[in-house]
Protein chains: 2
Amino acid sequence: MARAPQVLRGMRDFLPEQMLLRQHVLNSFREVFERYGFEPIETPVIEYLETLTGKYGEDEKLIYSFQDRGERDVGLRYDLTVPLARFVANHRNELNFPFKRYHIAPVFRADRPQRGRYREFWQCDADIVGTKSMMADAEVVSVWIDALSAINMPGFVVHINHRKLLMSLAEVAGVPNEQTSTIHRAIDKLAKIGEDGVISEMVSNDIPEDAARRVLDLVSTRGEPGHVFEQLVDRLQGNTLAEEGLTELRSLFGYLESMGADPAHYTLDLTLARGLDYYTGPVFEALSVDANIGSLGGAGRYDGLVGMFSGEDLPATGCSLGLERIFDVIQERNLVGVPPTVSQTMVTIFNEETVGDSLSLVGELRRAGISCEIYVGERWDLRRQLQYANRKGIPTTVILGPDEIKRGEVILREMETGEQSTLARSDLLGVLQARSAHA
Amino acid sequence: MARAPQVLRGMRDFLPEQMLLRQHVLNSFREVFERYGFEPIETPVIEYLETLTGKYGEDEKLIYSFQDRGERDVGLRYDLTVPLARFVANHRNELNFPFKRYHIAPVFRADRPQRGRYREFWQCDADIVGTKSMMADAEVVSVWIDALSAINMPGFVVHINHRKLLMSLAEVAGVPNEQTSTIHRAIDKLAKIGEDGVISEMVSNDIPEDAARRVLDLVSTRGEPGHVFEQLVDRLQGNTLAEEGLTELRSLFGYLESMGADPAHYTLDLTLARGLDYYTGPVFEALSVDANIGSLGGAGRYDGLVGMFSGEDLPATGCSLGLERIFDVIQERNLVGVPPTVSQTMVTIFNEETVGDSLSLVGELRRAGISCEIYVGERWDLRRQLQYANRKGIPTTVILGPDEIKRGEVILREMETGEQSTLARSDLLGVLQARSAHA
C-alpha cells in the first residue's frame, strides 16, 4: 500500500492531549464571555463569494474560493467579522440590540504557512453591535482581561489608544495631514527602536525635527490615567479630533475603574497605531510584557462595518483573541494544569471468570460520575493493561482478582509510583471522589 | 444598498438560543464520552482530495472539491470516519491502542437540501480502534445509551444485529447467496409493511414462500436475550457464519448486562439490516419508539476500514450520532431546560451620577461567578433597559437608583411577574447564588 495521505501544509490534526488543552481554554473563554452576557452564534463555513469579496483589500487573494456543483461562486469563511455583518443583516428582527455575541470557529486563509501561521486556524471574537456607548468598549476590554486571566496568561496588558487621537497627530506636529501615516509607522516602533530611532525615522521622512519631538513628547506621556488625561487635555486644546477622542477615552477609563478592572492589566498607550482604516474609535491590543509572547489579539471600535450589508448605522466594538498564539503559549509554558487524559482510573480484568465483576464495578463508578476505563484489548495479561494505563497517563488502576472479589476488596494502584493499597470495594468510590475533588 | 447576501441553501446560521441548546447537548455528550475514556481529536476541514475519493461509492459526487491556489486537488471533510483512518495512519506511533476517540465537527455534502438534510451538518462519532474484542462493541453501545439518556431522549432503543447473521439468511432459507440482499431489503421493512408484506416482497422476488416463511420466522424470534440466543443456537446449528455471529453477540450482550446497561435501551433485532458493505461484525441502530423521531444514529464494527491507509489490520467499532436530528427533536419537544439566555440578571443604570455604582455592583457579581449584564445602550431610561432584559429573557433585573444607593439597598425585579422586592445590597449576591443553585 502506498504511503498514507498527509494533511495539507498549514493545516493540522490535533491529538487528544492537545485537544484537551484547547477545550479547556475554549471552555474558560465561553464561561467568561457568558458571565458578561455575550451569547454564542454560529455561521456556515461556506459563504457566497460575494459576501466575502471587497472586504479584505489586498488580502482578498487569500480567500479559499471555488464554484460549487450548482456553479455558484463560494468561499470559505476568512474571518468572523464579515459573517457577523451578514448575520446581523439577515436576522435583524430576531436579535436584541445592543447585540452581544461571541463566536469561536475555524477560519481559512490560503496564506503561506510558517511558524505560528496556519491555513486553518481558530478565531474567538466577542463583539457588541448597536451602541456607540463607551460602556460597550469598557465591556470588551474587561471581558478580555477576565478571559486572559482565566487561563493564567502571564503579564498581559491591554494597550488602549483612540483613532481620533492618532489622526490628530499631524496637526499636533504642525505638518500636513498626508504625513499622518508616516508618524504612525514611526511611533508604533517606539518599544523596538527607542526615542532616537523614532525621531530619526520621522526626520528621514521629511518631518522637521522639532515637529517630530513634539509628537514623541506627546505620545510618550506616561503616568496614572487621570493625570495623563489632564495633561493631554491641556496640550490638545483646540484640536477637535483629539478632544473627541480624549472625551471618549476618559469615559472608557472611568467605566473600567468603576467595574473594578485590574489597572495592572490595561494602560493608555498613545503609541499604539494599529488597523487604522478599519477602526473608528478606541483601539486595543493585548500584549504580554514577555517579549517572546507578543500580541494576544486586537480589538477596537469599528462603526462603519457591521451595517455594510443592511445599509444601516450599526456601530460596533469588539475584540478578537489570537487563539492559536494563546494555545501555543499555554502549551509551551504549561500554564494550565490539564491532565494528559480524561480518565481518572481504569479497572483491570483478571480472566474470563472475573470479567463480569470488573465490568459491573466500571458501570457503578461511571454512574457515580467517575471517568473510568476498562481495558478493551483482546488479551488480558496485567502487564499489558498497566502499560496501556501508563502510556495514556491514567493516574490510578483498580486491580480486581479472584481473591479480592472473594474478600470484597480491590487493590488501588498509583500508576506513577507503583504503590498499591488494598481497600474495601465499598470504599473505592469515596476514595476516587475525594481524589478528583482535590485535583 | 442592495439586498444583503444570504446563506447558501442547505447551510444555516444559528441564533444564540439555538446555539445554547446545541452547546448543552454537545457538552452532555462530551462528558459522557469522557466518562468512558474516549478522548477528543480534531482534523482539518480541508483534506487532499485523494484522501476522500474512492471511499464513498456513488455518493462521492457529493464531496465539495476544488483546486487550491497551489493547484492541489482538495475536498471538504465528508464524514469523520475517513479522516479517522488517515489520522490513525499518520499518528500511529503517538497513539495508545486500543485507541478510543470521539470527534464532534461539521461535515460537508453537496447534497440536495431538504427538511432535516443539510449541506453542512455536525457529526458526533465515538470509535475504538485496534481491538476485535466484543467488549469494545459493548462500550460503544453503552456510551450511546448513556449519551442519549443524558439529554432525556424519550423511548430510544439501540437495536443490535450482526452482519454474519444477516449473511447467513440465504442459507437459512435455502436459496442462493445472490438472494441475500433481497432478503435484507424485505426484512428491513418488517416494522413498516408487516409480516405479510415481508413475505409477499420476498415471494415477488423469486424466493419460494416456504423459504420466505423460514427467514421471517427466524428473524421474528423475540424475548429475553438469553432465551432467544438458546433458540437461535438450536436453529442455526451447522451454519458456520451464523454461529460466529451468535457467539460474538452473546459476548456482547453478556458484557452489556455486566456493565449494568439498562435493558430497556437495547435489544436484539434480527431484522436490522443496515450498511452491509461497510460493517463486518455487530451492527447497531438507535431508534425511538416514537415513529416521528426515527433513527438517531447508526453504528457497528468495521474491521476493514481504518487500516486502509496504513495497510495494517486495524479492527474498529464505533457509533455515529445523528446530531442535527437530535437537535431538532430536542428543540421541537423542549426536552432539555436550557434557559433562553446566559445572563442571570442585569443591573440597570439610573443616570450619569449613579452609573459608577451600577458598574461596581456588576463587577462584584461577575467576580463572584454570577452571569450579569449592564445595559450598554446609549440611553438609560428604565423602560428601555427593562425591555432589553425582557426580550433577551433575563430572569431578573437589579434596579439601583439614588435612593437605594443612599440606603445601601437594591430592588430585585422578577421580569416575568414584574414583582419587585427591596433588599440590602449586601444580601443580593446570596439571593442570586441561591436562585442559580435551584435552577
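Is Phe327(A) buried or exposed, and at what relative accessibility? At 3% relative accessibility, Phe327(A) counts as buried, where buried means under 20% relative accessible area, exposed over 50% and partly exposed in between (1.4 Å probe, protein chains only).

A few notes before the views. This is a predicted model, in which local features need pLDDT of at least 70 and side-chain atom pairs count only at pLDDT 80 or more, while totals for chains, interfaces and linings use all residues. Residues are numbered from 1 along each chain as its sequence is written, chains are lettered from A and ligands numbered from 1 in the order in which they are written, and side-chain values use heavy atoms, with hydrogens and water left out.

**View 1. The surroundings of Phe327(A) in helix α12 of chain A.** Let us start with the residue from the opening question. Phe327(A) sits in helix α12, residues 323-333 of chain A; helices (H or I, at least four residues) and strands (E, at least two) are DSSP runs, numbered from the N terminus. Leaving aside neighbours within four places in sequence, Phe327(A) is in contact with Leu21(A), Arg22(A), Val25(A) and Leu26(A), contact meaning heavy atoms within 4.5 Å. One of these partners, Arg22(A), is 305 residues from Phe327(A) along the chain, yet their C-alpha atoms are separated by 6.6 Å.

**View 2. The axis that relates chain A and chain B.** Two copies of a chain are related by a rotation about an axis and a shift along it. Here, a turn of 180° and a shift of 0.0 Å along the axis lay chain A on chain B with an RMSD of 0.1 Å (least-squares superposition on the C-alpha atoms of residues with pLDDT of at least 70 in both copies). That is the relation of a two-fold axis. If you look for the C-alpha of chain A nearest the axis, you will find that of Phe66(A), 3.1 Å from it. The same surface serves both copies, as 100% of the contact residues of chain A recur in chain B.

**View 3. The interface of chain A and chain B, with the salt bridge of Asp13(A) and Arg86(B).** Chain A and chain B each bring 105 residues to the contact. Between them they bury about 8,700 Å², 61% of it on carbon and sulfur atoms; buried area is the accessible area (1.4 Å probe) that two parts lose on being put together, summed over both. Six salt bridges cross this interface, a salt bridge being a side-chain nitrogen of Lys or Arg within 4 Å of a carboxyl oxygen of Asp or Glu. In the one joining Asp13(A) and Arg86(B), the N to O distance is 2.8 Å.

**View 4. Glu31(A) and Arg35(A), a salt bridge within helix α1.** These two side chains meet with an N to O distance of 3.7 Å. Glu31(A) and Arg35(A) are four residues apart in helix α1 (residues 16-35) of chain A, so they are separated by about one helical turn. Their surroundings are worth a look too: Glu31(A) is exposed, with a relative accessible area of 52%, whereas Arg35(A) is buried, at 16%.

**View 5. Asp217(A) and Arg235(A), a salt bridge between two helices.** The closest N and O atoms of Asp217(A) and Arg235(A) are 2.7 Å apart. Asp217(A) belongs to helix α9 (residues 209-219) and Arg235(A) to helix α10 (residues 225-236) of chain A, so the pair ties together parts that are 18 residues apart in sequence. Asp217(A) is partly exposed, with a relative accessible area of 46%, and Arg235(A) is partly exposed as well, at 36%.

**View 6. Glu139(B) and Lys100(B), a salt bridge between a helix and a strand.** Here the closest N and O atoms lie 2.8 Å apart. Glu139(B) is in helix α4 (residues 134-150) and Lys100(B) in strand β5 (residues 99-108) of chain B, so named parts of the chain 39 residues apart are linked. Both Glu139(B) and Lys100(B) are buried. Salt bridges that share partners also join Lys100(A), Glu139(A), Arg366(B), Glu373(B) and Lys392(B) into one network.

**View 7. Thr182(B) and the covered helix α7 of chain B.** Thr182(B) lies in helix α7, residues 180-187 of chain B, and counts as buried at 8% relative accessibility. Not counting residues up to four places away in sequence, Thr182(B) touches Asn205(B) and Ile207(B). Six of the eight residues of α7(B) are buried, among them Ile183(B), His184(B) and Ile187(B). The buried residues of α7(B) pack against α5 (163-167), α6 (169-173), α8 (190-204) and α9 (209-219) of chain B.
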